[in-house]
Structures are given as C-alpha cells and as structure tokens.
Amino acid sequence: MKRSADKKRESVGNDHTKTPRTFKPFGSVVQLLIIAMTSVIALLLLVQPSAAAAVDCNADSGTCKKEVKGLSVAFDITPKPVAVMRELTYFVTIKDGGLPVDDADLAVDFSMPGMFMGKNVVHLALRKDGVYTGKGVIIRCPSGEKIWKALVTVKRGSKITTVPFVFEVRK
Ligand SMILES: [Cu+2]
C-alpha cells in the first residue's frame, strides 16, 4: 500500500519533470488528437444523412407529433396502412401554446432521403381549428426503398418553421 502510494508520488514527480523535456512529442500527441477528433467529426458529418433517414414516425399506427420552436406539429396520413400509388390524405395539426393555429401557410414536401424522386409538394388547406389537410400520392420507388421524409413547412408571416417526419410506406 505504502509502496503504491510512493509509486504514485514518484510517477507524478516524473510527469512533472518530464513535461518540459517531452514538450515536442507532447505537442505532436496533441496534434494527433486534433487530427483524430477532426476525422471523427468529419465521419459523423458523413454519417449524418443516414442517421437523419432513421424512421421517427410510424405513419401506420397513428399521428406523429413533434414540438419545434414552441409549435406543436402533428402529422398523419390516411388511409392506413400507408401505401404507395394510391390517393392519400395528409393531416397536419398546429398548436401554439396549446391553442390551434389557423393563420399558417402549410405545405408538405415529400422526398426520399439520399435519392431524388421528383418534386412532390402538397399544399394543405385549413379544415377546422388548427387542422390542415391535403391530398396526394407517394410514388413507388424503383429501387425498392420504403423510407420517405415529409418535411412540413409552417409559414406564419415571415416566420418559417420546418418539421421533418421520416416514415415508411408499404411497397
Ligand atoms: Cu426512391
């Protein structure tokens, strides 16, 4: 016990005396660390698109809800299960502080993460208190992918809030 304590003190002393002498190698270690960290960050940035493509909305089971900048945005699609190549109705419910928002311009931009599938933007109209609806079709992906992103754009005056919902469709 005493010995290990001595060792500790000894090693601390060594580190202390070593620091000035090993300044250059120490510097290169820091450089290596910086390079390693930069590569990790670069890798994370590269990986991000697929991470963003992670499904966060089960459109088949019910309404998906998100809170963004104080706005509550709920997204839903009928009929269920959500299938491609058939007429769908989209529902977006907007609330601000629990109160329905009736003065928004609403559009939903459908895209496939990492793949251009043509432009598919549906403008929604106010149906009743804070509930906006619109109709559209999701096309079949020639690559057999099933993950789509619905980017809900809520425009109120000059304020624009975008809320993504990533969901899966039936082929
Ligand atoms: Cu596709």
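This report describes the fold, the strand pairings, the core and some backbone details of one chain.

**Overall picture**

The structure is a predicted model. Its mean pLDDT is 84, and 75% of the residues reach at least 70. Confidence is not even along the chain: pLDDT stays under 50 over residues 4-8, where the model has zero contacts beyond four places in sequence. The stretch 10-14 also stays under 50 and also has zero contacts beyond four places in sequence.

The chain contains two helices and nine strands. Along the sequence these elements follow the order α-α-β-β-β-β-β-β-β-β-β. The chain has 171 residues, of which 17% count as buried. Among contacts with a separation of 6 or more, 59% are between residues 24 or more positions apart.

**Strand pairings**

The table lists four antiparallel pairs of strands, each with its number of bridges.

| Strand | Partner | Bridges |
|---|---|---|
| β1 (residues 64-68) | β2 (residues 71-78) | five |
| β2 | β3 (residues 88-96) | eight |
| β5 | β6 (residues 121-128) | four |
| β6 | β7 (residues 131-136) | three |

Strand β2 appears with β1 and with β3. On the β1 side, K66 has V73 of β2 as its bridge partner. On the β3 side, A74 stands opposite T93.

Strand β6 appears with β5 and with β7. A107 stands opposite H123 in β6, and L126 has Y132 in β7 as its bridge partner.

Two of these pairs are hairpins. β1 and β2 have two residues between them, and β6 and β7 likewise have two residues between them. In the turn of the β6-β7 hairpin, G130 has a positive phi of about 70°.

**The nonpolar core**

The largest nonpolar core has 26 residues. Those with the most contacts inside this core are V73, F75, V92, V108, A150, V152 and F165. Strands β2, β3, β5 (105-111), β8 (147-156) and β9 (159-168) each supply at least two of the core residues.

What is V152 in contact with, leaving aside its neighbours within four places in sequence? The partners are V73, F75, V92, V108, T162, V163 and F165.

D105 is found in strand β5. D105 counts as partly exposed because 14 other C-beta atoms lie within 10 Å. D105 and V154 are 49 residues apart in sequence, but their C-alpha atoms are 5.9 Å apart in space.

**Backbone details**

Most residues other than glycine have a negative phi, and most peptide bonds are trans. Some residues here depart from that pattern.

K69 is not a glycine, yet has a positive phi of about 50°. K69 lies in the loop between β1 and β2. K69 counts as exposed because it has 11 C-beta neighbours inside 10 Å.

M85, also not a glycine, has a positive phi of about 60°. M85 is found in the loop between β2 and β3. With 12 C-beta neighbours inside 10 Å, M85 counts as exposed.

The loop between β2 and β3 also holds P79 and P81. The peptide bond from T78 to P79 is cis, with omega near -5°. The bond from K80 to P81 is cis too, with omega near -5°.

Terms used. Residues are numbered from 1 along each chain as its sequence is written. This is a predicted model: local features need pLDDT of at least 70, side-chain atom pairs count only at pLDDT 80 or more; totals for chains, interfaces and linings use all residues. Two strands pair if DSSP finds at least two bridges between them. A residue is buried if 20 or more other C-beta atoms lie within 10 Å of its own, exposed if 12 or fewer, and partly exposed in between; C-beta atoms are placed from the backbone. Two residues are in contact if their C-beta atoms, placed from the backbone, lie within 7 Å. pLDDT is the predictor's confidence in each residue, from 0 to 100. A nonpolar core is a set of buried Ala, Val, Leu, Ile, Met, Phe, Trp, Tyr and Cys residues joined through C-beta atoms within 7 Å.
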